[in-house]
Amino acid sequence: MLAHCVWAGVIVLAACSTVELGRDFDINVFEASVQRGVTTEAQVRQWLGAPTNTGIAVQSDNSVNEEWTYYFARGSLPSMSDARFKTLQVRFDTQGKVVSYSWSG
């Protein structure tokens, strides 16, 4: 009986817990430091750590850039009604320098 009560307590606590995905980042610090055509992949990795995802972005002029994605989400279970989500995508040229970036959150 005690084991059932303990498990019930664990489930209730888990249902009320805060969930985090990704790694938090400060977009203001990034924007104050980044320079298009100057900032390198190594610098971005130093500031933000390893990207959550990597891929390729094809631009409207058919140029192809490497793209790194960072994201962070936080919310309380079970409803996630207080959820916050932010994402940053950084694109690099063939020399490994920042071409552009976009963020939302």
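Start at the hairpin of β4 and β5: five residues sit between the two strands, and G96 there takes a positive phi near 80°. This is a predicted model, so treat that angle as a computed value from the prediction. The strands on either side of the turn, β4 and β5 (residues 98–104), run antiparallel and are joined by six bridges. If you want to check the register yourself, look at T87, which stands opposite S104 in β5, and then at Q89, whose bridge partner in β5 is S102.

Q89 is a handy place to turn around, since β4 has another partner too. Strand β3 (residues 64–76) pairs with β4 (residues 84–92), again in the antiparallel sense, this time over nine bridges. On that side, Q89 in β4 is the bridge partner of T69. So Q89 has T69 as a partner and S102 in β5 as another, which puts β4 in pairings with β3 and with β5, given that a pairing takes at least two bridges.

Now step back for the overall layout. The protein has three helices and five strands, and reading along the sequence gives the pattern α-β-α-α-β-β-β-β. Of its 105 residues, 24% count as buried. The protein exposes about 7,100 Å², with carbon and sulfur atoms supplying 56% of that area. As for contacts between residues at least 6 apart in sequence, 48% join residues at least 24 apart.

How confident is the predictor, and where does the score drop? The average pLDDT is 83, and 82% of the residues score at least 70. Over residues 2–14, though, the pLDDT is below 50, and that stretch has one contact in the model beyond near neighbours in sequence.

Next, the inside. The largest nonpolar core has 13 residues, and those with the most contacts inside it are F25, F30, V44, L48, Y70 and L88. The elements that give two or more residues to this core are α2 (27–33), α3 (41–48), β3 and β4. Pick F30 as a viewpoint: setting aside neighbours within four places in sequence, F30 is in contact with V44, W47, L48, L88, V90 and Y101.

From there, go to T39, in the loop between α2 and α3. Is T39 buried or exposed? At 2% relative accessibility, T39 counts as buried, because the cut-off is under 20%. Its side chain reaches the backbone nitrogen of Q35 at 2.7 Å. Beyond neighbours within four places in sequence, T39 is in contact with S33, V34, V44, W47, G96, K97 and V98. Two of those names should ring a bell: V44 is among the core residues listed above, and G96 is the hairpin residue with the positive phi.

For contrast, try another loop. N62 lies between β2 and β3, and its phi is near 70°, a positive value in a residue other than glycine. At 62% relative accessibility, N62 counts as exposed, because it passes the 50% mark.

Moving on into β3, we meet N65. Its relative accessible area is 7%, so N65 is buried. A polar atom of the N65 side chain lies 3.4 Å from the backbone oxygen of F92. Leaving out neighbours within four places in sequence, N65 is in contact with G55, I56, A57, Q59, R91, F92, D93 and V99.

Finally, take G55 from that list. G55 lies in strand β2 (residues 53–58). What is the relative accessible area of G55? The value is 28%, so G55 is partly exposed. Apart from neighbours within four places in sequence, G55 is in contact with N65, E66 and E67. There is also a spacing to check in your viewer: G55 and R91 are 36 residues apart along the chain, and their C-alpha atoms are separated by 9.4 Å. R91 is also one of the contacts of N65.

Key: Residues are numbered from 1 along each chain as its sequence is written. Side-chain values use heavy atoms; hydrogens and water are left out. Helices (H or I, at least four residues) and strands (E, at least two) are DSSP runs, numbered from the N terminus. Buried means under 20% relative accessible area, exposed over 50%, partly exposed in between (1.4 Å probe, protein chains only). Contact means heavy atoms within 4.5 Å. A polar contact is a pair of N or O atoms within 3.5 Å; within protein, one must be able to donate a hydrogen and the other to accept it, and residues adjacent in sequence count only if both atoms are side-chain atoms. Accessible areas come from the Shrake-Rupley method with a 1.4 Å probe; for residues, only the protein chains shown count as cover. pLDDT is the predictor's confidence in each residue, from 0 to 100. A nonpolar core is a set of buried Ala, Val, Leu, Ile, Met, Phe, Trp, Tyr and Cys residues joined through side-chain atoms within 4.5 Å.
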